[in-house]
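Hi,

Here is the structure I promised to pass on. Have a look at it first, then read my notes underneath.

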Amino acid sequence: MTGALARAPWTLLRRVPREAWLCALVAFLNATCWSFITPPFQVPDEPDHYAYVEQLALTGTPPSSEVSGTYASDEARALQDIGTYRVRLQPEDRAIFTNVEERQIEADFTLTKNAPVQATGAAGVATAEPPLYYALELIPYELGESGTVLDRLELMRLLSAAMAGLTALFVFLFIREALPGVRWAWTVGGFAVAITPMLGFMSGAVTPEAMLYAVAAAAFLCLARAFRCGLTPKRAALIGVVIAVGLLTKLNFVGLIPGMALGLTVLVRRLRGPSRTRIYRAVGIAAAILAGCVVAVLLTGVVSHSAFGSPEATVRGITKHGSLLGRASYIWQFYLPRLPGMPNDFPGIFTTRQIWFNGLVGLYGWLDTVFPNWVYAAALLPALALALLCLRTLFTRRAALRSRAAEICTYALMSAGLLILVGSASYTGFPQIAGGYAESRYLLPLLALMGAALALAARGAGRRWGPAVGVSMLMLFLAHDIFSQLQVIARYYG
Amino acid sequence: MNRPQAPGTRATLALSLILLTLAIAVTLSGSPAIVAGSNSVQAAETFESTTGYFAGCQGNEFLPRDASAIRLSLDSALGPRVKVRVLKDKRLITSGERGAGWTAADVTIPLRPLAHAVSGVEVCFQFLAANETVGLTGEPVAGGKQSKRELGLLKVEYLQPGHSSWWSLASEVTGHMAFGHAWNGAWLIPFLAIAMGAVLAIACWLSLRLAR
């Protein structure tokens, strides 16, 4: 019995297709490359995330102050030496690249290597985040104890890169569960997600979003598995654990929960007889796990000063702008073209394209590294072709869609929840700032759905030509990644 | 029952690889834009933050020949459409426009290049930041806030296509990449090449598997 149990995980792992492992490897290698290409701290909020880990390492407690720019002495010195603030948001300024500058950094590190480092208790925007990702990052942080801040940062980035591998693995498996019919299409969707440059860029950095993407993909996978094979106590408990891990990783995960709750409700209602009682027990266990995590989050105090606004701030936001309708209108326009009768909150801006599409095509660094304008226009062509192919598959398989309406509604609600969460956060800064949080990285928890859409697009070319279209999609996404890396290299080192 | 053999996957892969190689070669044959001139104003501080319609002109500028873009130190999270006109003796000599949606601490606006340099030009720009704040960065002028006629001097740079291709700059760029990271050194480029080479190899292998 013990032997059988011990073998079970290996049996499960052996069932994972080789292509899935390769997609995971691609995502890891790609994110690793990004981690070396992107200069230290040139990813949104990375100094704050590093400060959080350092605070945990030095004091064993999470940061308590949201003051930005106040870091422990070693990090502050590193930021100064590598010219983070000179380079950030200034596309005309390059990263350091002279021997003199390099020697200055090394001299500073040598001089201060044994000096005591005082925690400041501040981690800027990261202060609001739950501690799980940062706690895991303590491992590479401590492994790099004998090195410099930059050595530690790189080791920490490699852990994030490993999470990109997990993300790709879960996305591949999600596609396999959700679209089991055509095996080669799993590879197309899985590889395209694995090589997505925004995933590589974000997962090549120290940020809890790297882990959020993996946990969100796992959430989609668990639900897809349960929809396909039925809800069992184990699966219910696993979903509970995934929700708990997600909540302890980054608060954005909250956006996925309404959809997951809907999915669980549908799955439980489908059960009949004694299994239903067992499932209720399992859901109870899952809820208990979840409740424990919520209490843990509350105890760390992160909810009280969430990056996405405290409850008070949200209320202020509503009253300030008059009505819920105003908020709804803003959130709609945050993603989609304005409808007749709505006030124009983004004059002159087609948010769908200029914020979200262009952002996914390429917006790196501190949102200061872009492609030439014609690239974004040219990218519309393949995007449109892929969208049409995807729609074609959905149309030809509409009967299957109807039979899976509840599952599709679950994914749609998960997506809507996340989008509304980000849109609401943006609204709290409006009208002083229109388009706060308008960054495509916030959409990456939905990578699993993007992978599925791409798999559907490949299938849209038909059984005969589908694989050839799939090959061209693999190469297109690979080219996108290579040119994104070249653009970042040109911006920082050119 | 035999599955129909998917046609064209090998050819598609070969064609894609050729196109990718060509695209990289053509891109690296291009020249990076270089700063052909500037007004020597330092981006010292944001001397004005504005919302709504704004129009301003800055005189005594020097427009270099072949300037294909102008870079203004305007700071915004979601920048509005910006129009630029360059005037000489009140006569328009070139202009450009950048659509809304830009972000960062400066905005680059393409210009129609001129075959000759022109001194003493006036750079005029305008934008409508309806729900957005735009910061003007440069050097404040003493008493500027009171007069409202001259708030400060905006940092302006003029760009033109460089003369060296990325190919000829490759060794310089790879040299730069060796600095400012963990474990600095010349190993980084071979490492990146091997890692991305492995990714390419996996992509090719997976592509060939799609046909089976």
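Below are my notes, going from the contact between the chains to some spots within chain A.

A bit of housekeeping: residues are numbered from 1 along each chain as its sequence is written, and chains are lettered from A and ligands numbered from 1 in the order in which they are written. This is a predicted model, where local features need pLDDT of at least 70 and side-chain atom pairs count only at pLDDT 80 or more, while totals for chains, interfaces and linings use all residues.

So how many residues of chain B are in contact with chain A? There are 52, and they touch 62 residues of chain A (contact: C-beta atoms, placed from the backbone, within 7 Å). On chain B's side, H4(B) gives the most, with 13 residues. Sorted by class, that side of chain B has 32 nonpolar, 14 polar and 6 charged residues (Ala, Val, Leu, Ile, Met, Phe, Trp, Tyr, Cys and Pro count as nonpolar, Asp, Glu, Lys and Arg as charged, and the others, Gly among them, as polar). Helices here are DSSP runs (H or I) of at least four residues, numbered from the N terminus.

Now follow H4(B) across to chain A. Its axis and that of H2(A) (residues 18-37) come within 10 Å and cross at roughly 155 degrees (axes are lines fitted to C-alpha atoms over the stretch in contact, with angles from 0 to 180 degrees between N-to-C directions). The two helices are therefore roughly antiparallel, the word for angles over 145 degrees. Among the residues that meet are Leu22(A) and Leu29(A) of H2(A), and Leu192(B) and Val199(B) of H4(B). This contact has 14 nonpolar, 2 polar and 2 charged residues.

Compare a pair inside chain A: the axes of H16(A) (residues 324-335) and H20(A) (residues 405-427) come within 9 Å and cross at roughly 110 degrees. H16(A) and H20(A) are therefore roughly perpendicular (65 to 115 degrees). Tyr330(A) and Phe334(A) are among the H16(A) residues in this contact, which has 7 nonpolar, 3 polar and 1 charged residues.

Next, H18(A) (residues 373-396) has 24 residues. Its buried residues are Leu386(A), Leu389(A) and Thr393(A) (buried: 20 or more other C-beta atoms within 10 Å; exposed: 12 or fewer). Helix H21 (447-459) of chain A is part of what covers them.

Last one: is Val100(A), in helix H6 (residues 99-112) of chain A, buried or exposed? Val100(A) is exposed, because just 7 other C-beta atoms lie within 10 Å.

Cheers

Notes: Angles under 35 degrees count as roughly parallel, over 145 as roughly antiparallel, 65 to 115 as roughly perpendicular and the rest as oblique. Two residues are in contact if their C-beta atoms, placed from the backbone, lie within 7 Å. The expected span of a helix is 1.5 Å times one less than its number of residues.
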